[in-house]
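Welcome, and thanks for taking a look at this one. Please open the model below and keep it at hand while you read the briefing.

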Amino acid sequence: MKRLLVLCMAMLTAFVLAPVPTAFADVPSVGRIGYLEGDQLYVKEGALDAEPVLQDASVARFQLENERVAVLTTDGALLVKEGDLGPGWVTVDEDSVTDFQLEGDRIAFSEGDRLYVAQGGLDAEAVLQDASVARFQLRNERIAVLTTDGALLVKEGDLGPGWVTVDADSVTDFQLEGDRIAYTEGHQLYVKEGDLEADVVLQDAEVKKFQLFGDRIGVLTPAGELLVKGGDLEPGWVTVDEDSVTDFQLDGDRIAFAEGADLYVREGELDSESVFQDSGVTKFQLAADRIAILQGDALQAKEGDLGPGWFTVDADSVTGFQMTAPPHRPGQAVTLDDLHNIFGYLGSAGDEAIISDGLPSMNEEMVNGDVTSPARIAAWLATVHRESGFRYNAGEAGNSSRYRGRGFIQLTGSANYGSAGAYFGHDFVGAPEDAASLQWSAPIARWYWTVARVNTNQYADNLDMGGVDRNIGYAHNPAEDSRRCGDFRDALMYFNGGELPPGDINCKR
């Protein structure tokens with residue numbers, strides 16, 4: 001039950017975005033690749049060898065976000081469309097736009113140092129957020145701005161007032177990821193987790209570049225050393241490469257890094273072997289199981305494992321690109337890749353083997369428990385992530401009692417063991433270790449979710465993660481509440497087309 005490149009605002013022609021699949025929302029059923037040839041934007045959808053479709057011919061920058069495509073034209077107009085790749089641009093702002101970002105159903109854009117955000121349909125009214133903005137980022141329900149005088153301000157919820165000052169001055173870079181906020185003051189990296197008012201924790205004092213993804217943090221030092229850690233904010237750096245690294249990206253359980261023009265990727269544990277991908281690489285991006293590289297002006301992409309298999313998307317003239325991963329399809333079971341895409345690092349190779357063994361029964365019991373909507377799936381996964389790390393055989397750490405917590409959702413106490421036994425007709429009181437078996441762990445989790453605590457799905461439907469947490473019933477811990485709620489938001493966006501549904505999320509128990 002322990003804890004567990006959207007690089008700050010860099011809205012250049014190639015975005016580094018986490019994949020945003022969906023099992024339910026009306027979004028493209030396959031991944032997209034967008035690329036520029038000069039000021040001409042092409043996007044292809046589906047297989048790597050799909051036909052590209054010309055989108056616009058006066059594009060300075062662009063972004064893909066689920067079913068939306070946005071372009072900033074060479075004359076400062078911001079155009080956005082959603083749906084297929086056919087015509088349908090909506091003018092969000094006709095001139096003077098200097099930067100923008102799409103996130104879910106929000107569109108943020110700046111006119112000089114003035115930041116506006118629109119939420120909902122493409123024709124929604126833009127709301128002025130602040131008038132002294134040097135950089136900005138949207139992430140889930142949060143908005144962050146770096147002001148022109150070096151202050152980092154963050155708020156969450158609606159588009160009304162409510163800024164919290166994270167740091168009053170001296171901030172040079174920042175990133176939002178889940179319930180974490182990272183920022184640098186010069187070369188010093190700080191991260192806070194949970195509420196906006198949470199304390200910050202110094203991570204490292206020699207940081208040139210950084211990225212958060214899931215529960216991982218990566219830093220590139222001025223000496224070219226790449227360090228990554230997973231889990232909480234305490235020490236625990238693993239040296240991925242001790243020198244010569246010039247760029248990197250985290251995505252799921254993959255780490256990509258360049259040594260000059262040579263690209264390497266490692267997958268799985270932090271200390272796994274790095275696999276050489278190609279040379280002559282000037283830009284790269286990871287998106288789930290896809291990798292894309294720019295070699296000179298040729299765009300190559302591949303999907304699957306880290307072995308050979310490049311496909312030439314465009315042989316020449318490419319000046320920028322962005323890739324989104326193929327999403328979760330309607331009716332598909334939750335996969336190990338889904339868990340990586342939402343939560344990042346899941347543990348050692350042994351842990352992942354256990355997770356893979358347990359996923360079929362967990363998926364079956366989710367269906368049996370009617371845990372099939374985006375909100376219900378998100379609440380379930382957020383809970384199981386924090387209860388057991390998705391390991392069916394998990395036991396409560398630090399507790400040696402006979403009826404300690406066991407299983408996907410930690411069955412705890414003789415009364416609960418007895419109630420589960422009465423329901424299933426099995427003697428869990430006499431054989432408590434069976435609660436953490438492959439046969440019983442998922443059925444017990446479903447029973448606890450739907451029978452022992454009958455309103456859990458309804459709390460999820462109401463976006464009341466605090467209510468879900470009360471039902472699950474763990475020791476009072478506001479930081480844990482915040483972590484579970486952050487997981488809920490991330491999973492909900494993943495399964496809801498990259499946007500949060502209407503309504504406020506309650507995180508308080």
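Which residue in β14 is the bridge partner of I143? It is K155. The model is a predicted one, and the points below go through its strands, a helix pair, its aromatic rings and one loop residue.

**The sheet of β12 to β15**

- I143 and K155 belong to a wider pairing: strand β13 (residues 142-147) and strand β14 (residues 152-156) run antiparallel and are joined by 5 bridges.
- These two strands sit in an open sheet of 4 strands, whose order is β12-β13-β14-β15 and whose pairing is antiparallel.
- At the edges you will find β12 (133-139) and β15 (164-167), each of which pairs on one side only.
- On average, and with direction ignored, neighbouring strands of this sheet are turned by 25 degrees against each other.
- As general background, strands of a sheet pair through backbone hydrogen bonds, in either a parallel or an antiparallel way.

**Strand β9 and its two partners**

- Strand β9 (residues 106-111) is mostly covered, with 5 of its 6 residues buried.
- With strand β8 (residues 99-103), β9 makes an antiparallel pairing over 5 bridges, and S110 of β9 is the bridge partner of D99.
- The hairpin of β8 and β9 has 2 residues between the strands, and G104 there takes a positive phi near 60 degrees.
- With strand β10 (residues 114-119), β9 again pairs in the antiparallel sense, over 6 bridges; here R106 stands opposite Q119 in β10.
- β9 and β10 also form a hairpin with 2 residues between them, and the turn residue G112 has a positive phi of about 65 degrees.

**Helices α1 and α2**

- The axes of helix α1 (residues 336-343) and helix α2 (residues 349-368) come within 10 Å and cross at roughly 120 degrees.
- Angles of 65 to 115 degrees would count as roughly perpendicular and those over 145 as roughly antiparallel, so α1 and α2 are oblique to each other.
- From α1, the residues that make the contact are L336, L339 and H340; from α2, they are E352, I355, S356 and L359.
- Sorted by type, the residues of this contact are 4 nonpolar, 2 polar and 1 charged.

**Aromatic rings**

- A pair of aromatic rings is described by how far apart the centres are and by the angle of the planes.
- The model has 14 aromatic pairs.
- In one of them, F424 and W440 meet edge-to-face, at 5.3 Å centre to centre with 65 degrees between the planes.
- F424 lies in helix α4 (residues 414-424) and W440 in the loop between α4 and α5 (441-452), so this pair ties together parts that are 16 residues apart in sequence.
- Buried or partly exposed, where does each ring residue fall? F424 is partly exposed because its relative accessible area is 21%, while W440 is buried because its value is 13%; the cut-off for buried is under 20%.
- Ring pairs link a cluster made up of Y423, F424, F428, W440, W447 and Y448.

**A buried loop residue**

- T221 has its place in the loop between β21 (216-220) and β22 (226-230).
- This loop residue, T221, counts as buried because its relative accessibility is 8%.
- Which residues does T221 contact, leaving aside its neighbours within four places in sequence? They are E206, K208 and L227.

Terms used. Residues numbered from 1 in each chain as written. Predicted model: local features only at pLDDT ≥ 70, side-chain atom pairs only at ≥ 80, totals over all residues. Heavy atoms only, no water. Axes fitted to C-alpha atoms, helices over the stretch in contact; angles between N-to-C directions. Parallel < 35°, antiparallel > 145°, perpendicular 65-115°, else oblique. Contact = heavy atoms within 4.5 Å. Nonpolar A, V, L, I, M, F, W, Y, C, P; charged D, E, K, R; others polar. Pairing = 2+ DSSP bridges. Phe/Tyr/Trp six-rings, centres within 6.5 Å; stacked < 30°, edge-to-face > 60°. Buried < 20%, exposed > 50% of the residue type's maximum accessible area, 1.4 Å probe, protein only.
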